[in-house]
Amino acid sequence: MPSFKSGMQAQGWPQDVGIIALEIYFPSQYVEQHELEEFDAVSQGKYTIGLGQTRMGFCSDREDINSLCLTVLSRLMERTGIGYENIGRLEVGTETIIDKSKSVKTVLMQLFEDSGNTDVEGIDTTNACYGGTAALINAVNWVESSSWDGRYAVVVAGDIAVYAKGAARPTGGAGAVALLIGPHAPLVLERGLRSSHMCHAYDFYKPDLSSEYPTVDGKLSIQCYLSALDSCYATYCRKSDVTKSASASSMSLEVLDAMLFHSPYCKLVQKSLARLALNDFLRASPDSVSTKYPGLEAFREKRLEDTYFDRDVEKAFMANSMPTFEAKTKPSLLVATQVGNMYTPSLYGSLAGLISSHTVSSLAGKKIGLFSYGSGLAATMFSIKVSTDTSPGMPLAKLVTSMANLRDRLESRVKVNPQAFAQIMQLREDTHHKGYRCHFQQCYAGGA
């Protein structure tokens with residue numbers, strides 16, 4: 001058993017609570033987006049440039065949400081060497097429902113059987129792409145609460161994102177992420193710096209439980225995403241400015257070393273970074289506008305709520321923020337552009353991508369902003385402070401090493417042509433909720 005708690009009782013709060021280790025799973029096959037453009041008879045660049053997507057990972061009918069989550073959890077535990085008896089909380093974030101009663105978490109408890117540990121709090125959390133973040137917040141809150149018994153928490157986020165034939169299908173994807181949560185973490189969630197935005201909307205929903213396919217209002221979904229981003233950023237900035245030291249700079253993109261987003265598709269992420277630049281511009285003092293935002297003074301009187309689909313504003317701030325995007329956001333999009341939208345694991349796939357782009361020394365001490373969004377809608381912005389301990393064998397070094405081969409893993413997947421991809425999607429559609437042809441929950445996924 002971990003001995004965290006006895007050492008913490010005299011100090012009050014557990015120290016440096018956050019992400020100790022991370023594991024990511026994605027399917028072993030993919031389809032090239034440029035080949036899908038030709039197969040779908042759409043204009044060249046519609047998916048690759050318009051959406052910013054390179055490849056799309058997908059599951060055959062031999063994988064389901066249980067197998068994805070079993071695989072990623074077992075790999076996390078094997079790599080960290082932590083015994084299942086040392087886990088006191090396990091929560092799953094997913095919107096991929098194959099049973100209206102039984103949770104994925106209870107399926108994962110099969111992995112705990114040999115340890116004899118059944119005392120594991122947590123269950124599934126569902127709200128579109130937000131469930132993984134809700135599970136992470138719950139895990140951190142548990143460790144920082146009087147309920148904590150000194151053991152680790154684990155968060156598993158997994159989904160299979162599939163769409164009917166048409167314009168939305170290229171924005172699919174699939175995968176799972178497992179996070180080990182506890183004190184003395186290399187990635188510390190900054191206490192008190194978290195903002196949320198929750199409201200009612202039907203931008204994306206799944207009313208037909210016999211189908212994997214969602215109902216999507218594309219334009220409304222973009223508006224909801226951007227408005228939630230505006231709201232979360234405004235609140236985060238206010239909280240940050242209240243808690244900062246007198247000598248510290250006011251909150252803006254300049255304060256962050258990286259900014260990560262939930263990624264429905266990569267072009268929206270680039271637009272979202274530009275959106276934060278617009279927020280900074282509108283909050284900036286008059287004296288700084290001409291130096292930091294040359295040529296943009298004409299937009300000074302714009303209201304955020306009037307600019308969701310203003311192409312002039314979008315184009316201007318995407319150009320202005322391009323260096324920031326290249327430095328602070330683009331390195332995180334490796335998984336998003338190569339696998340697609342994984343729904344709940346999307347943001348944490350971006351975190352994996354960011355880690356894989358760094359050495360231990362280049363990542364140490366960084367401040368990372370993260371924005372999580374789930375339709376319906378629920379959104380949160382929070383920040384992570386990276387440990388400064390770069391010693392070999394310490395948690396940060398182990399974490400960076402674990403993600404060092406991420407690009408190689410992506411390249412090791414098998415390419416499937418669009419015709420075969422379409423046939424597999426049709427098979428999934430024809431057999432969805434028609435009863436298990438095998439006990440998937442007894443199997444492990446065969447992905448990368």
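**Reading strands, cores and a cavity**

Modeller: Start with one pair of residues: I368 stands opposite I384 in strand β13. The model is predicted, and what follows is read from that model.

Colleague: How many bridges pair β12 and β13, and in which sense do the two strands pair?

Modeller: β12 and β13 pair over eight bridges, in the antiparallel sense. The two strands form a hairpin with three residues between them, and in this hairpin G376 takes a positive phi near 120°.

Colleague: Which peptide bond is cis there?

Modeller: The bond that joins G376 and L377 is cis, with omega about 5°. L377 sits in the loop between β12 (367–374) and β13 (378–386).

Colleague: Which strand is joined to β12 in the parallel sense?

Modeller: That is strand β11, residues 258–261, which is joined to β12 by four bridges. As a landmark for this pairing, take L260, which stands opposite L370 in β12.

Colleague: How should I read the two faces of a strand?

Modeller: In a regular strand, side chains alternate between the two faces of the sheet. In β12, K367, G369, F371 and Y373 lie on one side, while I368, L370, S372 and G374 lie on the other. Both faces are covered, and the residues named on the two sides are all buried. The count for β12 is eight buried residues of eight.

Colleague: What does F371 touch beyond its neighbours in sequence?

Modeller: Leaving out residues up to four places away in sequence, the contacts of F371 include Y225, L229, M259, L260, H262, L347 and M381.

Colleague: How do I read a nonpolar core, and how many residues has the largest one?

Modeller: In soluble globular proteins, nonpolar side chains tend to be buried together. Here the largest nonpolar core has 88 residues, and V156, F317 and F371 are those with the most contacts inside it. There is a second, separate core of 47 residues, with L136, A352, V386 and A448 among its members.

Colleague: Is T133 buried or exposed?

Modeller: T133 is buried, because its relative accessible area of 1% falls under the 20% cut-off. T133 belongs to helix α5. Beyond residues up to four places away in sequence, T133 touches L347, Y348, S372, T380 and F382.

Colleague: How does one check a helix against its expected span? Which distance separates the end C-alpha atoms of α7?

Modeller: The idea is to compare the expected span with the distance between the end C-alpha atoms. Helix α7 has 18 residues, 266–283, and should span 26 Å at 1.5 Å a residue; its end C-alpha atoms are 26 Å apart, so the two agree. α7 is also mostly covered, with 15 of its 18 residues buried.

Colleague: With which strands does β1 pair?

Modeller: β1 pairs with strand β7 (residues 173–182) over seven bridges, in the antiparallel sense. On that side, L22 stands opposite L179. β1 also pairs with strand β8 (residues 187–198) in the antiparallel sense, over two bridges, and here G18 stands opposite V188. β1 itself covers residues 18–25, and eight of its eight residues are buried.

Colleague: What is the strand order in the open sheet of three strands?

Modeller: The order is β3-β2-β14, with mixed pairing. β3 (55–57) and β14 (414–415) are the edge strands, each pairing on one side only. Strand β2 (residues 29–32) runs antiparallel to β3 and is joined to it by three bridges. In one of these pairings, M56 of β3 is the bridge partner of V31.

Colleague: How many cavities of 30 Å³ or more does the structure hold?

Modeller: Two. The largest holds about 50 Å³ of space. Its lining includes M56, G57, F58, Y163, R169, F421 and M425. β3 and α16 (418–431) each supply at least two residues of that lining.

Colleague: Last point: which residues have a positive phi although they are not glycines?

Modeller: Two cases are A128, with a phi of about 50°, and Y343, with a phi of about 65°. A128 lies in the loop between β5 (124–125) and α5 (131–143), and Y343 in the loop between α11 (334–339) and α12 (346–356). A128 is buried, with a relative accessible area of 11%. Y343 is buried too, at 1%.

Technical notes:
Residues numbered from 1 in each chain as written. Predicted model: local features only at pLDDT ≥ 70, side-chain atom pairs only at ≥ 80, totals over all residues. Heavy atoms only, no water. Expected span 1.5 Å × (residues − 1). Buried < 20%, exposed > 50% of the residue type's maximum accessible area, 1.4 Å probe, protein only. Pairing = 2+ DSSP bridges. Core = buried A, V, L, I, M, F, W, Y, C linked by side-chain atoms within 4.5 Å. Contact = heavy atoms within 4.5 Å. 1 Å grid on protein atoms, 1.4 Å probe; cavity = no way out; pocket = protein on both sides within 12 Å on 5 of 7 lines; lining within 4 Å. Points joined across faces, edges and corners; volume = space filled by probe spheres on them.
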